[in-house]
Amino acid sequence: MEGGKPTIALVYQAVQALYHDPDPAGKERASVWLGELQRSMYAWEISDQLLQLKQDVESCYFAAQTMKMKIQTSFYELPPETHNALRDSLLSHIQSLKDLSPIIVTQLALAIADLALQMASWKGCVHTLIEKYNNDVSSMTFLIEILTVLPEEVHSRSLRIGANRRTEIIEDLAYYSSTTTSVEKTGNDEKMLIKVFRCLGSWFNLGVLDSNFMASNQLLIVLFQVLRDETSTNLHEAASDCVCSALYAIESVDTNVALAMQLFQGVLTLETAYHMALCETFLETTVVEISFNFWYRLGEHLYKTNEPALHALYSTLKDGNPPWEVTEAVLFIMAAIAKSVDPENSPTLTEVLEQVVLLPDTVHVAVRYTSIELVGEMSEVVDRHPRFLDPVLNYLMKGLREKPLASVAAKAIHNICSVCRDHMAQHFQGLLDIARALDSFALSSEAAVGLLKGTALVLARLPLEKIAECLSDLCAVQVMALKKLLAQSPTNGKTADPTVWLDRLAVIFRHTNPIVENGQTHPCQKVIQEIWPVLSETLNTHQADNRIVERCCRCLRFAVRCVGKGSASLLQPLVTQMVSVYQVYPHSCFLYLGSILALCMPTFQLLEQPLGLRNHPDTVDDLFRLATRYAPHEEDFELRKQLIGQAMGQHGQQLVAQLTFCRWLEVALKGLPKETSGGAVTVTHKQLTDFHKQVTSAEECKQVCWAIREFTRLFR
């Protein structure tokens, strides 16, 4: 910072200008100056002084925020011998400022938590804090705040403490986790209970609380008591979130049986509260909305294969007359758990489906939207009870014709087609009619492609003699659109974008997979041969556009994969065209379809350019992948031997460079810091040697990528 260390008076003046100067330019100047101060070494001492002076909320907030930021990003600036003094100073500040502002307390709590996570010499920080402040009621507010943010900061992206330190911290927090529940002594004050529930939820989220210990803890009883009672919205929300965090923490029920049983029994006591939250008209809508997070997540965890629970949900609608908001919420929960209930042994599911498809068009559009989602999630029920297929399709077709419901209806039809392929074969003509009129519906691109996917899946189940004609009809709309684009003259030198139609053809080819016996002609072969000239012309027209060429190659790849050996007649014109285009525009996607022999020379020329390997990573990746796929064929041994000889002759220097790289990597790894500024181990010798071995012995690019990805976790 220019001019040396500023005076406290000058800093205070800048803070006042930042918050109170009526001139925006003055505020901006103050903000820039204070930002420079925060980045300087002087920020440590000045922040400490401002917190000691306690002149006003603004200066204390700036100081607390600065201290937190410095610890997060510049902790390395402090020598190790100052760490204890910094810790003691922060604890002193948070105690003296605990009544000034909750925001300041939070900033200082974050600073203390971040310091504890980086300061390896501060062993058992949780035990130290609780032992120091637990018997002082006046200190409870900031103690609980520190204990809340500490687990939350463990995985903070603002802290680059590395995977080894995080593992060490999590083990330490798990060891002392039982002591955190001593905060239950804080009484029944509502504000304090909210803080306690937030804190407990934070520890559940980190997954370090001992489940057997928590199963018998008094706090669980308090949590469910709050959910059963008529409490304030904020307290109810905090309790709901805490229980949800506990449910997520026991995802592996087998290893958390005691806690799972306690939570399950606690939930069973909430039936009355649940019906009140959903059905009592005197409750505000906001209460239902806030409670919904709990009920939805509860459904995910406890209602799996639970027919009585589903029946209870359905009874809420069947036996009452709730407002549309409640109806929509219940349908949404049903949609979330429908796939988890056994359709073979659930009479409620069939009854729900039977009634949902009878909903009139006059119900609220949100109810119709969610009911369509529910129908799509119940595709397995339809598959086991095909009598529902016609009414379900009629119901979904109504939604498909309405703009707000079109995309969700298309997704539901896609789900039905995917699961009920055999039953849907009789409805293929209807699906074909939809596909022909696809753009007359208000569909998202994803929904339109999904519909075509579902149609193709059903197409594959038709008799072989019908597939060719039906595939031709299904592709016709896309092919005609491509022909129309090709016939158009360029506008301002640009041709129309064909990617929509290429993507649609690609999804059709990809999912039309009929069962063809040996000796039978593939039913799709003739259709693809007829479409090839259009795809070829499209490729030629857009050969300079990498994005469109990639879409062409993707479409052709799925077409070739669709017919397998039946694509033999296409290979010569396809390879000839690719080689021709590749000589001018070496798009890496051609390597998926082309021959290594035909394309290797222009590829090597591209990679031999200055920085060629760095500037064309996709080409390197695709070439390497194609080469590894090509190598295993033993009958091509002599040919591969010649190729290797040519490669050694032409690229031997590059191989030497790779050996040099191995040596450079070893030296670079040895030069990495082994400890953080806080004294925590960053990387062990074994981790360094393992990483070096993984990189230098990797056979695929993705292996190197994964090794680098895991290794960098040690430093962030």
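How far apart should the ends of helix H1 be, given its 13 residues at 1.5 Å a residue? Helix H1 covers residues 8–20, and at that rise it should span 18 Å. The end C-alpha atoms of H1 are indeed 18 Å apart, so the expected span and the model agree. Keep in mind as you look around that this is a predicted model.

Let's stay with H1 for a moment. Its buried residues include Ile8, Val11 and Val15, along with Ala14 and Ala17. An α-helix has 3.6 residues a turn, so residues three or four places apart point the same way. The buried residues of H1 pack against three helices: H2 (24–39), H3 (42–53) and H4 (57–73).

From there, we can step into helix H4, where Thr66 is found. Thr66 has a relative accessibility of 1%, and because buried means under 20%, Thr66 counts as buried. Apart from neighbours within four places in sequence, Thr66 touches Gln38, Ala43 and Ser47.

Now travel along the chain to another pair of helices, H28 (residues 464–487) and H30 (residues 525–541). Their axes lie 10 Å apart and meet at an angle of about 20°. Angles under 35 degrees count as roughly parallel, and H28 and H30 are therefore roughly parallel to each other. The crossing of H28 past H30 is left-handed. On the H28 side, the contact is made by residues including Ala468, Leu471, Cys475, Val479 and Leu486, while H30 contributes Val527, Ile531, Val534 and Leu535, among others. By character, the residues of this contact divide into 10 nonpolar, three polar and two charged.

Notes: Residues numbered from 1 in each chain as written. Predicted model: local features only at pLDDT ≥ 70, side-chain atom pairs only at ≥ 80, totals over all residues. Heavy atoms only, no water. Helix = DSSP H or I, 4+ residues; strand = E, 2+ residues; numbered from the N terminus. Expected span 1.5 Å × (residues − 1). Buried < 20%, exposed > 50% of the residue type's maximum accessible area, 1.4 Å probe, protein only. Contact = heavy atoms within 4.5 Å. Axes fitted to C-alpha atoms, helices over the stretch in contact; angles between N-to-C directions. Parallel < 35°, antiparallel > 145°, perpendicular 65-115°, else oblique. Left-handed = near helix turned anticlockwise from the far one by under 90°. Nonpolar A, V, L, I, M, F, W, Y, C, P; charged D, E, K, R; others polar.
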